[in-house]
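Work through the exercises below with the sequence and the structure side by side. Each task is followed by a solution in steps.

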Amino acid sequence: CNFREVTDAEFDLLCKCVQTEARGESNECQEAVATVILNRWLNPEKYPDTIAEVIYEPNQFAIDESIVKTDVGVRVAVHNAIIYYNTFNMCIPYQTYYFRAGHYHQDLGQPYMVIDNTYFSVDENAVLD
């Protein structure tokens, strides 16, 4: 994995998206949501190659543009997702590209794990240990 530096603007956008998508969920869940976005960003063969393009891709992520200041807990979760990426502390595998509140996507990926009320799925072709 070729991890690229996240700019301050990208960090803020990522925090807004995670706060919109996972507000009220645990730090672990918020970190996993951030990791899904990073997984997509770092797979430009399948997804757009900027964080903004990944987030703003039609019908993929919600983002509340009115958020001026994100919660400290969200910022910590996003920071953790970035610093733990590509380490043994990474919270979900690289091939985790999907999440949904309340239940797994019916036609996207293979069910992988549930954190709080958020269901994470890996790529349909993923081979996990």
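**Exercise 1.** Determine which residues are linked with Lys46 in a network of salt bridges in this predicted model, and where the partners lie.

*Solution.* Step 1: the network consists of Lys46, Asp123 and Glu124. Step 2: take the pair of Asp123 and Lys46, whose closest N and O atoms are 2.2 Å apart. Asp123 is in the segment after E3 and Lys46 in the loop between H2 and helix H3 (51–56), 77 residues apart, so that the pair links distant parts of the chain. Step 3: in the salt bridge between Lys46 and Glu124, the closest N and O atoms are 3.6 Å apart. Because Lys46 lies in the loop between H2 and H3 and Glu124 in the segment after E3, this pair ties together parts that are 78 residues apart in sequence.

Step 4: classify the three by accessibility, with buried meaning under 20% relative accessible area. Asp123, at 9%, is buried. Lys46 is partly exposed at 36%, and Glu124 is partly exposed at 39%.

**Exercise 2.** Find the salt bridge partner of Asp12 and state which helices the pair ties together.

*Solution.* Step 1: the partner is Arg75, with the closest N and O atoms 3.3 Å apart. Step 2: Asp12 belongs to helix H1 (residues 8–22) and Arg75 to helix H4 (residues 72–84), so the pair ties together parts 63 residues apart in sequence. Step 3: Asp12 is partly exposed at 36% relative accessibility, and Arg75 is partly exposed at 32%. Step 4: the count of salt bridges in the model comes to 3.

**Exercise 3.** Describe how strands E2 and E3 are joined, then place Thr118.

*Solution.* Step 1: E2 (residues 110–115) and E3 (residues 118–122) run antiparallel and are joined by 5 bridges. Step 2: the two strands form a hairpin with 2 residues between them, and Asp116 in the turn has a positive phi of about 55 degrees. Step 3: Thr118, in strand E3, is the bridge partner of Ile115. Step 4: Thr118 counts as buried because its relative accessibility is 5%. Beyond four places in sequence, its contacts include Glu25, Cys29 and Phe99.

**Exercise 4.** Is Thr35 of helix H2 buried or exposed?

*Solution.* Step 1: helix H2 (residues 27–41) has 15 residues and reaches 21 Å from its first C-alpha to its last, close to the 21 Å expected. Step 2: 13 of the 15 residues of H2 are buried. Step 3: Thr35 has 1% relative accessibility and therefore counts as buried. Step 4: leaving out residues up to four places away in sequence, Thr35 touches Ala81, Tyr85, Met90, Cys91 and Ile92.

Definitions and conventions. Residues numbered from 1 in each chain as written. Predicted model: local features only at pLDDT ≥ 70, side-chain atom pairs only at ≥ 80, totals over all residues. Heavy atoms only, no water. Pairing = 2+ DSSP bridges. Helix = DSSP H or I, 4+ residues; strand = E, 2+ residues; numbered from the N terminus. Expected span 1.5 Å × (residues − 1). Buried < 20%, exposed > 50% of the residue type's maximum accessible area, 1.4 Å probe, protein only. Contact = heavy atoms within 4.5 Å. Salt bridge = Lys/Arg side-chain N within 4 Å of Asp/Glu carboxyl O.
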